[in-house]
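Visitor: I have a protein model here and would love a walk through its fold. Could you take me round it?

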Amino acid sequence: MKKLVSSLVMATLLFSGISVVTAADTSADATVKHSKAEKKEENRAKLNAKAAKWGVETSEKTNKEVKAAIQEAKAAKKTENAEKKAAKEAKKQEQLAKLNDKAVKLGVDTAGKTAKEVKAAIKEAKVAKKAENAEKKVAKEAKKQEQLENLKEKAAKWGVDTAGKSAQEIKAEIEAKKAEKKENKK
């Protein structure tokens with residue numbers, strides 16, 4: 001009898017436990033279903049926010065379609081950025097080629113130098129060239145003045161007036177005086 005009573009108590013506990021577990025499962029299922037719906041709404045909200053960021057229209061589209069459109073927008077942006085980067089690099093190379101051409105004309109060595117270093121070297125070469133040209137100009141002017149002084153001395157020797165006359169005019173008069181003197185000797 002003790003066995004029978006203990007079996008009945010065990011069965012009662014067992015069946016009551018099952019009903020409690022079943023009841024708990026039912027309420028858990030409702031919570032899970034509710035949170036799945038909430039989760040779905042949250043995911044759609046996040047997806048809509050992402051779509052807005054990428055400029056994708058979401059109305060009348062499924063989540064998969066929206067995701068695909070976002071991926072396309074990302075790929076397009078990536079391609080656009082790559083094209084911009086390539087164009088920028090091409091422009092940079094073109095500028096470097098121009099710098100190298102200038103450097104070669106000025107006799108500047110560009111081996112192993114960056115664009116900034118080449119620019120600086122070109123500036124230095126231009127300044128040096130200007131200074132050299134200025135020196136040449138001064139030397140040329142000095143030589144011209146020396147020749148004019150020599151011409152004036154010659155003119156004084158031949159009795160030619162040099163006031164307000166160019167070097168060519170003075171030379172012409174000296175030649176005329178020389179020719180006149182030759183004529184007089186004959």
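Below, a visitor asks and a guide answers, going from the whole protein to its helices and loops.

Visitor: Happy to start with the big picture. What order do the elements of the protein run in from the N terminus on?

Guide: Please keep in mind that this is a predicted model. The protein has four helices and zero strands. Read from the N terminus on, its elements therefore give α-α-α-α.

Visitor: What share of the residues of the protein count as buried?

Guide: Let's begin with the surface, which comes to about 15,800 Å² of accessible area. Carbon and sulfur atoms hold 57% of that surface. The protein has 186 residues, and the share of them that counts as buried is 11%.

Visitor: And the contacts with a separation of 6 or more: what part of them comes from residues 24 or more positions apart?

Guide: Here a contact means heavy atoms within 4.5 Å. Among contacts in the protein with a separation of 6 or more, the part made by residues 24 or more positions apart is 3%.

Visitor: Now the loop between α1 and α2. Is T58 buried or exposed?

Guide: T58 sits in the loop that joins α1 (2–54) to α2 (63–106). Leaving out residues up to four places away in sequence, T58 touches R44, N48, A51 and V66. Its relative accessible area is 18%, and the cut-off is under 20%, so T58 is buried.

Visitor: Which residue in that loop, other than glycine, has a positive phi near 60 degrees?

Guide: The residue in question lies in the loop between α1 and α2. It counts as exposed because its relative accessibility is 84%, and exposed means over 50%. The residue with phi near 60 degrees is E60.

Visitor: On to α2. How far apart are its end C-alpha atoms?

Guide: α2 has 44 residues, so at 1.5 Å a residue it should span 64 Å. Its buried residues are V66, A69, I70, A73, L99 and A103. The end C-alpha atoms agree with the expected span, being apart by 64 Å.

Visitor: Which residue just after α2 takes a positive phi of about 80 degrees?

Guide: Look in the loop between α2 and α3. The residue there counts as exposed because its relative accessibility is 64%, with the cut-off at over 50%. Its C-alpha is 9.9 Å from that of A121, although the two are 14 residues apart in sequence. The residue with the positive phi is G107.

Visitor: How does α3 compare with its expected span, and what is the distance between its end C-alpha atoms?

Guide: Helix α3 covers residues 115–158, which is 44 residues. At 1.5 Å a residue these should span 64 Å, and the distance found agrees with that. G159, with a positive phi near 80 degrees, follows α3. The end C-alpha atoms of α3 are apart by 63 Å.

Visitor: Which helices do the buried residues of α3 pack against?

Guide: The buried residues of α3 are V118, A121, I122, A125, L151 and A155. These residues pack against α2 and α4 (167–185).

Visitor: What is the handedness of the crossing of α3 and α4?

Guide: The two axes come within 10 Å and cross at roughly 30 degrees. The crossing is left-handed.

Visitor: How many charged residues are in that contact of α3 with α4?

Guide: From α3 the contact draws on L148, L151, K154, A155 and W158. From α4 it takes A167, I170, K171, I174, K177, K178 and K181. Lys counts as charged, so K154, K171, K177, K178 and K181 belong to that class. By class the contact has seven nonpolar residues, no polar ones, and charged residues numbering five.

Visitor: Last stop, A167. Which residues does it contact, leaving aside neighbours within four places in sequence?

Guide: A167 belongs to helix α4, and it counts as partly exposed because its relative accessibility of 35% lies between 20% and 50%. Its C-alpha is 8.9 Å from that of Q147, 20 residues away along the chain, and Q147 is part of helix α3. The C-alpha of E149, 18 residues away in sequence, is 9.9 Å from that of A167. The residues in contact with A167 are L148 and L151.

Notes: Residues are numbered from 1 along each chain as its sequence is written. This is a predicted model: local features need pLDDT of at least 70, side-chain atom pairs count only at pLDDT 80 or more; totals for chains, interfaces and linings use all residues. Side-chain values use heavy atoms; hydrogens and water are left out. Helices (H or I, at least four residues) and strands (E, at least two) are DSSP runs, numbered from the N terminus. Buried means under 20% relative accessible area, exposed over 50%, partly exposed in between (1.4 Å probe, protein chains only). Accessible areas come from the Shrake-Rupley method with a 1.4 Å probe; for residues, only the protein chains shown count as cover. The expected span of a helix is 1.5 Å times one less than its number of residues. Axes are lines fitted to C-alpha atoms, for helices over the stretch in contact, and angles run from 0 to 180 degrees between N-to-C directions. A crossing is left-handed if the near helix is turned anticlockwise from the far one by less than a right angle, and right-handed if clockwise.
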